[in-house]
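Please look through the sequence and the structure below before reading on. The report then goes through a few sites and elements one at a time.

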Amino acid sequence: MSTYEGLPHTTTKSFTLSQKAGDWYISFSYEIESEITEKQHDYVGVDLGIKTLATLSTGVVFVNPKALKQAQSKLNRLQRQLQHKVKGSNRRNRQKLRIAKAHRRVTNIRLDATHKATSFICKNHAVVAIEDFNSSGMMHNHKLAAAVGDANFYEFSRQIEYKATRYGSKVVLVDRWYPSTQLCSNCGFKQPMKLSDRVYSCQECGYTTDRDLNAARNLRKYARMASPCLDVEG
Ligand SMILES: [Zn+2]
């Protein structure tokens, strides 16, 4: 059996086995002793993306694993094949099970990558600034909603919140109307940005940097203003 994360040595009174799409899962609860870590950095802005899982204001980038793309294309292929199977046939039922398994694999790869990123962030940074994706209004934009679902933004922020508690960091939820993409993280100038613009190039001060890094730096700035609990430079 493999798990996403190392588990602490502990005793547990009961556990549950369950089966999903032919895979077995074990779940149990345990008491967590303090896992608070010493922080390497003070404030960090975390910009979540679709092609890139997350970009930190420190310049650290979490890319989506290659295995995710492979698993996703396999899933798409299996789904196309399903259309050619006769309804109610054994072949169709077997295909459905294959699809469920492939779907589970996509979810597992994505979850694994998300766990690695959120653990790193919460273990190493005292204050984590992340966009607030729990606003219900966001789901009204269907195109955006699809992208959000795909990039697993909700799961990412959910993990950030509980891991911040576990590792002793603080989360600043940044209002989704805050224009982190449009602001220059160097001089504060605001300019429109198309979705296709991958580089931020400030018309005012000439500062040029990666679009996601610029956004992450703005989120960090927001957190410093919203939560000036640390006496730091920068
Ligand atoms: Zn500027």
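Cysteine 187 has a relative accessible area of 36%, so this residue counts as partly exposed. Cysteine 205 also counts as partly exposed, because its relative accessibility is 36%. The model in which these values were computed is a predicted one.

Both cysteines belong to the zinc site. The zinc ion has Cys184 (SG), Cys187 (SG), Cys202 (SG) and Cys205 (SG) as its protein donors, and they lie 2.3 Å from the ion. The site is tetrahedral, with angles of 106 to 112 degrees among the 4 donor atoms. Along the sequence, the spacing of the donor residues is C-x2-C-x14-C-x2-C. Cysteine 187 sits in the loop between β7 (170-174) and β8 (199-201), while cysteine 205 sits in the loop between β8 and β9 (208-210); the two are 18 residues apart, and the pair links distant parts of the chain.

Glutamine 191 is placed in the loop between β7 and β8. Is this residue buried or exposed? Glutamine 191 has a relative accessible area of 4%; buried means under 20%, so glutamine 191 is buried. Its side chain reaches the backbone oxygen of serine 201 at 2.9 Å. Leaving out residues up to four places away in sequence, glutamine 191 touches Gln182, Tyr200, Ser201, Cys202 and Gln203. Of these, Cys202 is also one of the zinc donors.

**The chain as a whole**

The protein chain has 234 residues, and 37% of them are buried. There are 5 helices and 9 strands in the chain. In sequence order they follow the pattern β-β-β-β-β-α-α-β-α-α-β-β-β-α. Among contacts with a separation of 6 or more, 63% are between residues 24 or more positions apart.

**The nonpolar cores**

In soluble globular proteins, nonpolar side chains tend to be buried together. In this model, the largest nonpolar core has 19 residues, and Val46, Leu48, Ile121, Phe156 and Ile160 have the most contacts inside it. At least two residues of this core come from each of β3 (41-48), β4 (52-56), α2 (90-124), β6 (125-131) and α4 (153-167). The largest share, 5 residues, is supplied by α4.

What does phenylalanine 156 touch, not counting residues up to four places away in sequence? Its contacts are Val46, Leu48, Leu53, Ala54, Thr114, Ala117, Thr118, Ile121 and Ile130. A second core, separate from the one above, has 10 residues, including Tyr43, Val127, Leu183 and Leu219.

Isoleucine 50 lies in the loop between β3 and β4. Its relative accessible area is 45%, so isoleucine 50 is partly exposed. The C-alpha atom of isoleucine 50 is separated by 9.5 Å from that of valine 63, and these residues are 13 residues apart along the chain.

**Two helices**

The table gives the spans of α4 and α5.

| Helix | Residues in helix | C-alpha span, first to last | Expected span at 1.5 Å a residue |
|---|---|---|---|
| α4 | 15 residues | 21 Å | 21 Å |
| α5 | 16 residues | 23 Å | 22 Å |

The end C-alpha atoms of α4 are 21 Å apart, which agrees with the span its 15 residues should have. The buried residues of α4 are Phe153, Glu155, Phe156, Ser157, Gln159, Ile160, Lys163, Ala164, Arg166 and Tyr167. Just after α4, glycine 168 has a positive phi of about 80 degrees.

Helix α5 covers residues 211-226, and its reach of 23 Å is close to the expected 22 Å. Aspartate 210 caps the N-terminal end of α5, with a side-chain oxygen 3.0 Å from the backbone nitrogen of aspartate 212. Buried residues in α5 include Arg211, Asp212, Asn214 and Ala215. The buried residues of α5 have a cover that includes β3, β4, β6, β7, β8 and β9.

Leucine 219 lies in α5 and counts as buried, because its relative accessibility is 0%. Apart from neighbours within four places in sequence, leucine 219 is in contact with Gly45, Val46, Asp47, Ala129, Glu131, Val174, Tyr178 and Ser180. The C-alpha atoms of leucine 219 and aspartate 47 are separated by 7.6 Å, although these residues are 172 residues apart along the chain.

Key: Residues numbered from 1 in each chain as written. Predicted model: local features only at pLDDT ≥ 70, side-chain atom pairs only at ≥ 80, totals over all residues. Heavy atoms only, no water. Donors = N, O, S within 2.8 Å, 3.2 Å for Na, K, Ca; no water. Tetrahedral: all angles 85-135°; square planar, octahedral: opposite > 155°, others 65-115°. Helix = DSSP H or I, 4+ residues; strand = E, 2+ residues; numbered from the N terminus. Buried < 20%, exposed > 50% of the residue type's maximum accessible area, 1.4 Å probe, protein only. Core = buried A, V, L, I, M, F, W, Y, C linked by side-chain atoms within 4.5 Å. Contact = heavy atoms within 4.5 Å. Expected span 1.5 Å × (residues − 1). Polar contact = N/O pair within 3.5 Å; in protein donor to acceptor, adjacent residues only side chain to side chain.
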